Amino acid sequence: MRKSVPILAGLACVVLLSGCGKRGFDRARPDEFAVARQAPLVIPPDYALVPPQPGAARPQDNATTAQTLDALFGSNTQRSAAENGVLNQAGGDNADAGIRSAVGDPDTNVVDKGATTRDIVAAPESDGQDAKASATK
């Protein structure tokens, strides 16, 4: 009886684990590239294209540079009537044109936001590992 218990336990494990196995793989699956037809290659209709000159600036780079300068310093695009109305109500016609250049000037007057803001601005840069927060009641 003692010898039959390990044998029966081993057979039970073999029977239970045989359900986990898969016999063979189904290799008759559809080809993902055969699902859709690819369009034939076509020559572009513009035959006036010329190859770029070596060392010339790329047109894509100029567009990105212009977009960056417009975002930083404003662009000369015309604004709509609604946008002009909002800007006039907000006092946009009184704004200094060179304000972006004068922000870092030591003579610029700033509003005191309190000790907490001063502490945050004066805090050394870190990865936040030592950050602590406390709630006061």
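In the predicted model, Ile7 is exposed, with a relative accessible area of 53%, and this residue is found in helix α1, which comprises residues 4-18. Because exposure is assigned over 50% relative accessible area, the value of 53% places Ile7 in the exposed class. Together with Leu8 and Leu11, Ile7 forms a nonpolar patch on the surface, and the accessible area of these residues together amounts to about 320 Å².

With regard to charged pairs, a search of the whole structure finds one salt bridge. This salt bridge is formed between Glu83 and Arg79, whose closest N and O atoms are 3.7 Å apart. Side chains of opposite charge can pair when their charged atoms come close. As to solvent accessibility, Glu83 is partly exposed, with a relative accessible area of 41%, and Arg79, at 45% relative accessibility, likewise counts as partly exposed. Both assignments follow because the partly exposed class lies between the cut-offs of 20% and 50% relative accessible area.

Turning to the open spaces of the model, the largest pocket holds about 190 Å³ of space. The lining of the largest pocket is made up of Phe73, Gly74, Gly92, Ala95, Asp96, Ala97, Ile99 and Arg100. By residue character, this lining divides into four nonpolar, two polar and two charged residues. The nonpolar group consists of Phe73, Ala95, Ala97 and Ile99, whereas Gly74 and Gly92 count as polar and Asp96 and Arg100 as charged.

Conventions: Residues numbered from 1 in each chain as written. Predicted model: local features only at pLDDT ≥ 70, side-chain atom pairs only at ≥ 80, totals over all residues. Heavy atoms only, no water. 1 Å grid on protein atoms, 1.4 Å probe; cavity = no way out; pocket = protein on both sides within 12 Å on 5 of 7 lines; lining within 4 Å. Points joined across faces, edges and corners; volume = space filled by probe spheres on them. Patch = residues over 30% accessible without salt bridge, like charges linked within 9 Å, V, L, I, M, F, W, Y side chains within 5 Å. Areas by Shrake-Rupley, 256 points an atom, 1.4 Å probe, with all protein chains shown as cover. Salt bridge = Lys/Arg side-chain N within 4 Å of Asp/Glu carboxyl O. Helix = DSSP H or I, 4+ residues; strand = E, 2+ residues; numbered from the N terminus. Buried < 20%, exposed > 50% of the residue type's maximum accessible area, 1.4 Å probe, protein only.
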